[in-house]
Amino acid sequence: MAKKHFDIEALWKIERIGTPSLSPDGAQAVVPVTRPSMEDNNSRTVLWLLSTLGGKPRAMTHGGDKDGQPLWSPRGDRIAFVGKREQEGRKDASPQLYVIPADGGEARRVATVATGIESYRWLPDGKRIAAVSWVWPELKGGKAQAKAFKEFTERKESGYATSESLYRFWDDNLPLGRVPHLHLIDVDTGKVRDLFEGTAYELRRPDPSAENFDISPDGERIVFAFDPADDKRIDGRFALAELQLATGRIDVIARDAEYDFAAPRYSPDGDRVAFTASHQGRKHTMPAQLAVWERSRPGSRSGRWSVESEAWDHEVQAPLLWEEDGQAVLFTAEQRGRCHLWRFDLPDRRAEALVEGGWVHGFDKVAGTLVVLTDSATHPGQVMACLPGQKPRRIERFNDALLGPLAWGRSEEMWCTGAEGDKVQVWLTYPPGFDPEKKYPLLHLIHGGPHTTAGDVWHYRWNTELFAAQGYVVAAVNYHGSSSFGYAFLDSITHRWGALELQDIEAATDALLQQSWADPARVFATGGSYGGFMVAWMNGHVAPGRYAAYVCHAGCFDWQAMFADDAWSWHAKELGGWYWDQPELVAAQSPSTYAADMATPTLVIHGAKDYRVPDAQGLAYYNTLKARGVDTRLLWFPDENHWVLKPRNSRLWYAEFLAWLKRHDPAQQPAKKRRR
């Protein structure tokens, strides 16, 4: 009996695992597990305990809907998490901090912070927590904040009035009139103190996560990244400061107008801080590198910092985690379309891959035990435990019963010669039961960014296995500009978007059409975000007939109109100038300029809550194609952002996507004469 192929229903039954947190003895890990529901059109996240020693997994929470960001206390007696619940007759209006006994029991709300909790870290004493909340900086005290929050949520006006350069991010308006402050919370008493109150300091406004700060091992200091500029922008250059908890004194410890600093992490002895440093003064595309600040000694000059990984042509990704001996730092970094966990030895300035991807999404290491969350193009996230002297071992089986019986295609990488004679990587995923003696359609999935990568990674919105299960050979090209292939390759497209990338995609198409299985009449190109830009670009630069149809999801169409996006301050850096100073240069990189040559059928998809690529881009592209008489179709979501996140909308997305390809597939239309 033939096995069933992977489909959209199975995709939305997968339990999605979050980053693990280890107990102080390394014997257990707590992970958030999200269970989507197509029937309810939502998802629910609960916490699970996993044994690194071989015990059976155990569900910890049941009463909440979105229990996330679990962290084990330093004492090992309880686990904190952020959730929205109803407890003691009160329903949370905003996410709050909870703790639950590690050996089981009911979760308890630590405190009620009217403005909510974004993220947090435990202090070493296990009695206090440092947490992030968006507050009105001119107000003092929790009562004043609670009063303002109540008035704001009950207001009848809906307008958003601001003078800020940075006022929205991805799909959210930033909280009106508020900034992210660090707060100190006593876990037992619920007492809350705003650590930045009365100062001009604040954390990063775009995504103020726990990676923006760290707590010293003695619990006396907090290091954090802050933007010293008065005008906050999405591309601000951050410095590092240190807060003395006993006195409230704040000292700037590392600042350089040429650099952007992020993700500070104290060494085990507290005398050094590891962080990432990107030399933005040299160029905006410069990678984040590992840097270390060292505290001054009596009689020596003030603290110094230095870049440690400058000779290593990789971008260092947060979070950073020191080894217990203080001689090395762990982090993830991409390499040739994969993402590994690395150990960077500071004395030797040498990097060693500890766990190779696929793609490593999260990790933790305590008491010699390492846990990692990793996936690949062929399987969703899995948690692996690496104990001293033992081989890595998987410690959960959440999705095995669902995915085990299904038929799967195989994935592989190939290389072709692309623009400027460079080797270009192409990931291929074949249909289940692939037979090279038969003919297959070719489907390009062009990644966004552009400075990201098509990786050996599981993707819920552009799932290569799902597309391959429909009978396509799926190709994902890592064109010039992609990350993980060195800085020169990534930076090569700056100020000339579209040119080299198109050569790479065309070279891949040429190479794949030489394969015996490839049907030249059934070649499709699709992409999202920058990938959407690329298929719009291709429509104006590639002769009709080369590709049977395009799909453009959240694609950039007109760079002048794109100035409405949340990342407008990057435009001149990427394109080479502002549209009012160099209109011809900007127009030359806009697909809209080449609309007169567009003739290939296109499905245009966009979400109204997309602030990175505003939906007017997709609507303008669709309207342009309609005006030109090109066969086109629009799928527009009033409640989705740059991605499509609701289960029912995702099912519709895949249905429209696949129906469009089928409609323009000659093999699906026997009465229509096929091209030769």
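**Reading packing, sheets and voids in a predicted model**

Q: At what angle do helix H6 and helix H7 pack, and how far apart are their axes?
A: The model is predicted. In it, H6 (residues 499–513) and H7 (residues 530–541) pack at about 80 degrees, and their axes lie 10 Å apart. Angles from 65 to 115 degrees count as roughly perpendicular, so H6 is roughly perpendicular to H7.

Q: Which residues make that contact?
A: H6 contributes Ala499, Glu501, Leu502 and Ile505. From H7 come Tyr530, Met534, Trp537, Met538 and His541. By class, the contact of H6 with H7 has 7 nonpolar residues, 1 polar and 1 charged.

Q: How do the strands of a sheet pair in general?
A: Backbone hydrogen bonds pair them, in either a parallel or an antiparallel way.

Q: What is the strand order in the open sheet that contains S6, and which strands are its edges?
A: The order is S6-S7-S10-S11, an open sheet of 4 strands with antiparallel pairing. Strand S6 (68–72) and strand S11 (108–109) are the edge strands, each pairing on one side only. Between S6 and strand S7 (residues 78–83) there are 3 bridges, in the antiparallel sense. One register point is Gly68, whose bridge partner in S7 is Val82.

Q: How is the open sheet that contains S22 ordered?
A: This sheet also has a stated order, S22-S23-S24-S25, with 4 strands and antiparallel pairing. Its edge strands are S22 (260–266) and S25 (304–307), and each of them pairs on one side only. On average, neighbouring strands of this sheet are turned by 25 degrees against each other, direction ignored. Strand S24 (residues 289–294) runs antiparallel to S25, and 4 bridges join them. Within that pairing, Glu294 stands opposite Arg304 in S25.

Q: How many bridges join strand S34 to strand S35, and which residue of the hairpin takes a positive phi?
A: There are 7 bridges between S34 (residues 411–417) and S35 (residues 423–429), and the two strands run antiparallel. Glu413 has Trp427 of S35 as its bridge partner. The hairpin has 5 residues between the strands, and Glu420 takes a positive phi near 55 degrees.

Q: How many cavities of 30 Å³ or more does a search of the whole structure find?
A: The search finds 2. The largest cavity holds about 60 Å³ of space, and the second largest about 40 Å³.

Q: What lines the largest cavity, and how does its lining divide by class?
A: Its lining consists of Leu166, Glu202, Leu203, Arg204, Arg205, Pro206, Asp227, Lys232, Arg233 and Phe238. That gives 4 nonpolar, no polar and 6 charged residues.

Q: What lines the second largest cavity, and how does that lining divide?
A: Trp559, Gln560, Phe563, His571, Leu575, Gly577, Trp578, Tyr579 and Val586 line it. By class, this lining has 6 nonpolar, 3 polar and no charged residues.

Q: What is the volume of the second largest pocket, and which residues lie nearest its centre?
A: A pocket is open, whereas a probe in a cavity cannot get out. The second largest pocket has a volume of about 360 Å³. Its lining has 25 residues, of which Glu164, Val179, Glu202, Arg205 and Lys232 lie nearest the centre. The lining of this pocket comprises 14 nonpolar, 4 polar and 7 charged residues. Glu202, Arg205 and Lys232 also appear in the lining of the largest cavity.

Definitions and conventions. Residues numbered from 1 in each chain as written. Predicted model: local features only at pLDDT ≥ 70, side-chain atom pairs only at ≥ 80, totals over all residues. Heavy atoms only, no water. Axes fitted to C-alpha atoms, helices over the stretch in contact; angles between N-to-C directions. Parallel < 35°, antiparallel > 145°, perpendicular 65-115°, else oblique. Contact = heavy atoms within 4.5 Å. Nonpolar A, V, L, I, M, F, W, Y, C, P; charged D, E, K, R; others polar. 1 Å grid on protein atoms, 1.4 Å probe; cavity = no way out; pocket = protein on both sides within 12 Å on 5 of 7 lines; lining within 4 Å. Points joined across faces, edges and corners; volume = space filled by probe spheres on them. Pairing = 2+ DSSP bridges.
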